[in-house]
Amino acid sequence: MKKILFSLFFTLVLVVNNYVGAEEITEEKIKNFTYHLSFGEHTVTLKNGEYKKDAPDFIYVWLDRFVIADLDDDELPDAAVVLIQSGG
């Protein structure tokens with residue numbers, strides 16, 4: 001039996017208002033944003049909270065959770081995003 005090992009990596013990403021622009025940060029924007037993953041040096045654009053790339057370079061990234069708040073006391077909304085990555 002062939003064993004397939006999947007690695008699961010958690011990535012915490014802070015999306016500061018400057019990256020999204022002066023517009024309001026929304027759940028839709030977070031679910032469809034382009035993120036640079038620190039592990040594996042991948043850049044992925046989520047579509048409805050997910051990104052999939054088939055073999056041979058398999059990678060699956062999904063949005064686990066997020067919060068929108070003023071994280072840096074500049075009176076502008078920011079987002080803290082937790083992405084989970086399998087493969088890559």
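Helices here are DSSP runs of H or I with at least four residues, numbered from the N terminus. By that reckoning, helix α2 covers residues 27-31 and holds both Glu 27 and Lys 31, four residues apart, or about one turn of the helix. Keep in mind that this is a predicted model. The chain has two helices and six strands, and from the N terminus on they come in the order β-α-α-β-β-β-β-β.

**The chain as a whole**

- The chain runs to 88 residues, and 28% of them count as buried.
- Take the contacts with a separation of 6 or more: residues 24 or more positions apart account for 47% of them.
- One long-range pairing to look at is Ala 79 with Thr 26, which sit 53 residues apart in sequence but 9.0 Å apart in space, C-alpha to C-alpha.

**Salt bridges**

- The count of salt bridges comes to two.
- One of them is inside helix α2, where Glu 27 and Lys 31 both lie; their side chains meet at 2.9 Å, N to O.
- Glu 27 is partly exposed, with a relative accessible area of 41%.
- Its partner Lys 31 also counts as partly exposed, at 25% relative accessibility.
- The other bridge links Asp 64 and Arg 65, with the closest N and O atoms 3.0 Å apart.
- Asp 64 comes out as partly exposed at 33% relative accessible area, while Arg 65 counts as exposed at 54%.

**Asp 78, a buried acid**

- Asp 78 is found in strand β6, which spans residues 78-87.
- This aspartate is buried, yet it has no salt bridge.
- A salt bridge needs a side-chain nitrogen of Lys or Arg within 4 Å of a carboxyl oxygen of Asp or Glu. For Asp 78, the nearest side chain of opposite charge is Lys 29, and that is 13 Å away.
- What the Asp 78 side chain does reach is the backbone nitrogen of Asp 72, at 3.4 Å.
- Ala 79 lies in strand β6 too, and it counts as buried because its relative accessible area is 0%.

**The β4-β5 hairpin**

- Strand β4 (residues 50-53) pairs with strand β5 (residues 59-69) in the antiparallel sense, over four bridges.
- If you want a register marker, Tyr 51 stands opposite Val 61 in β5.
- The connection from β4 to β5 is a hairpin of five residues.
- Pro 56 lies in this loop between β4 and β5, and a cis peptide bond joins Ala 55 to Pro 56, with omega at about 15°.
- As background for that bond, most peptide bonds are trans.

**The loop between β5 and β6**

- Two residues to check on a Ramachandran plot are Asp 73 and Glu 75.
- Asp 73 has its place in the loop between β5 and β6, and its phi is near 55°, a positive value in a residue other than glycine.
- Glu 75 lies in the loop between β5 and β6 as well, with a positive phi of about 65° although it is not a glycine.
- For context, most residues other than glycine have a negative phi.
- Which side of the cut-offs does Asp 73 fall on, buried or exposed? Asp 73 is exposed, since its relative accessible area is 69% and exposed means over 50%.
- Glu 75 is exposed too, at a relative accessible area of 74%.

**Aromatic pairs**

- A search of the whole structure turns up two aromatic pairs.
- One of them is Phe 33 with Tyr 35, an edge-to-face pair with ring centres 5.0 Å apart and 65° between the planes.
- Tyr 35 is buried, with a relative accessible area of 1%.

Note on methods: Residues are numbered from 1 along each chain as its sequence is written. This is a predicted model: local features need pLDDT of at least 70, side-chain atom pairs count only at pLDDT 80 or more; totals for chains, interfaces and linings use all residues. Side-chain values use heavy atoms; hydrogens and water are left out. Buried means under 20% relative accessible area, exposed over 50%, partly exposed in between (1.4 Å probe, protein chains only). Lys and Arg count as positive and Asp and Glu as negative; His and the chain ends are not counted. A polar contact is a pair of N or O atoms within 3.5 Å; within protein, one must be able to donate a hydrogen and the other to accept it, and residues adjacent in sequence count only if both atoms are side-chain atoms. Two strands pair if DSSP finds at least two bridges between them. Rings of Phe, Tyr and Trp (its six-membered ring) pair if their centres lie within 6.5 Å; planes under 30 degrees apart count as stacked, over 60 as edge-to-face and the rest as tilted. Contact means heavy atoms within 4.5 Å.
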